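Colleague: Could you take me through one part of this model up close? I'd like to start with a single strand and then see what lies around it.

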Amino acid sequence: MGGDHGPPVVVGGIRDYIRRHGGEGVRFLLHGDEAAIRAEMTRLNVSADVCDVRHTDKKVASDEKPAQAMRRGKGSSLWNAIEAVKTGEAGAIVSAGNTGALMAISKLILRMAAAGLERPAIVASWPTLRGVTAVLDVGANIESDAEQLIEFAIMGEAFHRAVHGVDRPTVGLLNVGSEDIKGHEEVREASRILRQGGLGLNYHGFVEGDDIARGTVDVVVTDGFTGNIALKTAEGVARFISALLKEALTSSLQARAGALIAMPALKAMGRKIDPSAINGGPLLGLNGIVVKSHGGADAKGFGNAIRIAVDLARSDYMTTVGANLGRLGSVLDNLPPVSASPREETVS
């Protein structure tokens with residue numbers, strides 16, 4: 001019932017997922033207004049054989065604060081869907097609703113995957129020149145210390161392996177430069193631990209903003225403030241380029257003729273920079289799989305979020321993350337003391 005569009009996009013996303021990925025072995029529990037949901041199932045010809053509808057009149061508003069959602073959300077479509085993951089009835093939840101409420105209720109019901117984890121991290125699958133890069137956090141944690149950044153690296157590496165099939169993903173820390181002396185204290189300390197800590201990650205080192213689109217590494221780690229700005233900027237640039245291309249290719253009869261010839265290549269490029277391709281940000285670090293869809297996503301974008309949830313649910317992601325996070329405490333205890341190094345303030 002969440003997001004900008006509610007049942008039309010959610011049911012449409014199910015249809016899109018089935019059409020593109022087959023949907024074999026996958027069933028859907030749809031929590032919300034049964035009449036509205038079944039009307040969309042009829043309109044979009046989505047079979048009741050793959051969907052169970054769980055009716056509730058109650059839903060969490062898009063502008064509801066997380067604390068209010070936790071106090072008043074019991075029995076809502078969002079609450080009931082998360083409960084289904086806790087009880088094992090569902091392998092994952094996908095929601096386009098209130099991000100703060102989704103995070104707060106998920107943490108309350110599912111709990112964190114390891115002692116010491118404070119909040120989940122949201123990860124985005126980012127189209128790049130080399131394929132796809134996982135970027136986290138993109139909005140859950142405004143500030144992150146060195147230990148949290150390392151936790152993000154552990155979770156992001158396991159996510160990328162599970163969803164994108166890379167056996168040993170490379171990991172980089174987003175910074176204002178690639179040199180070891182660049183950046184603030186927390187990001188430099190996180191880099192030191194990743195190099196010396198023996199966590200077994202394939203750590204590349206610092207990467208800069210332009211390295212994301214290049215695909216320099218498989219996993220880019222940063223705080224939620226920086227990551228969210230980077231994500232929204234990339235989505236805006238993609239829409240800007242699409243608008244410019246459309247304007248240029250329809251500006252004259254000659255341009256239209258050229259567009260017809262180049263149409264296959266243009267469609268391929270459009271699919272590559274389509275913002276819906278990166279829709280679906282799992283909340284990593286919870287005792288359960290929770291995937292956040294953009295509130296304004298269309299059916300194709302929601303279908304992509306479903307695909308990510310299914311891939312995670314079928315993987316060993318939870319086991320891998322739990323094992324590595326369990327080792328982190330002993331790694332931190334056994335690190336050698338940090339040596340003094342000059343601070344570099346220049347931004348390149």
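Modeller: Sure, and keep in mind that this is a predicted model. Let's start with strand β1, residues 28-32: four of its five residues are buried, so the strand is largely enclosed by the rest of the structure. Its partner is strand β2 (residues 51-55), and the two pair in the parallel sense over five bridges. If you want one pair to click on, take Gly32, whose bridge partner in β2 is His55. To get from β1 to β2 the chain goes through helix α2 (residues 34-43), and this β-α-β crossover is right-handed.

Now for the big sheet. Eight strands make up an open sheet with mixed pairing, in the order β3-β10-β9-β4-β5-β8-β6-β7. At the edges sit β3 (93-95) and β7 (202-207), each of which pairs on one side only. Going from one strand to the next, the twist averages 30°. For a look inside this sheet, try β4 (residues 121-128) and β9 (residues 281-284), which run antiparallel and are joined by two bridges. There, Ala121 has Leu284 in β9 as its bridge partner.

Two helices lie across strands of that sheet. Helix α6 lies across β4, β5 (131-136), β6 (170-174), β8 (219-221) and β9, and runs at about 150° to β5. Helix α11 lies across β3, β4, β9 and β10 (290-292), at about 160° to β3. The axes of α6 and α11 (residues 299-313) come within 8 Å of each other and cross at roughly 105°. That makes the two helices, α6 and α11, roughly perpendicular. Where they meet, α6 brings Phe159, Ala162, Val163 and His164, while α11 brings Arg307, Ile308, Asp311 and Leu312.

Phe159 is worth a closer look. The largest nonpolar core has 70 residues, and Phe159, Leu173 and Val221 touch the most other members. Helix α6 (residues 146-164) gives the most to this core, with 10 residues. Leaving aside neighbours within four places in sequence, Phe159 is in contact with Val123, Ser125, Ala134, His164, Pro282, Leu284, Ile308, Leu312 and Tyr317. Apart from this core there is another one, of 18 residues, and its members include Val10, Ile37, Val53 and Ile306. As background, nonpolar side chains in soluble globular proteins tend to be buried together.

Methods:
Residues are numbered from 1 along each chain as its sequence is written. This is a predicted model: local features need pLDDT of at least 70, side-chain atom pairs count only at pLDDT 80 or more; totals for chains, interfaces and linings use all residues. Side-chain values use heavy atoms; hydrogens and water are left out. Buried means under 20% relative accessible area, exposed over 50%, partly exposed in between (1.4 Å probe, protein chains only). Two strands pair if DSSP finds at least two bridges between them. A crossover is right-handed if, with the strands pointing away from the viewer, the path from the first strand over the helix to the second runs clockwise. A nonpolar core is a set of buried Ala, Val, Leu, Ile, Met, Phe, Trp, Tyr and Cys residues joined through side-chain atoms within 4.5 Å. Contact means heavy atoms within 4.5 Å. Axes are lines fitted to C-alpha atoms, for helices over the stretch in contact, and angles run from 0 to 180 degrees between N-to-C directions. Angles under 35 degrees count as roughly parallel, over 145 as roughly antiparallel, 65 to 115 as roughly perpendicular and the rest as oblique.
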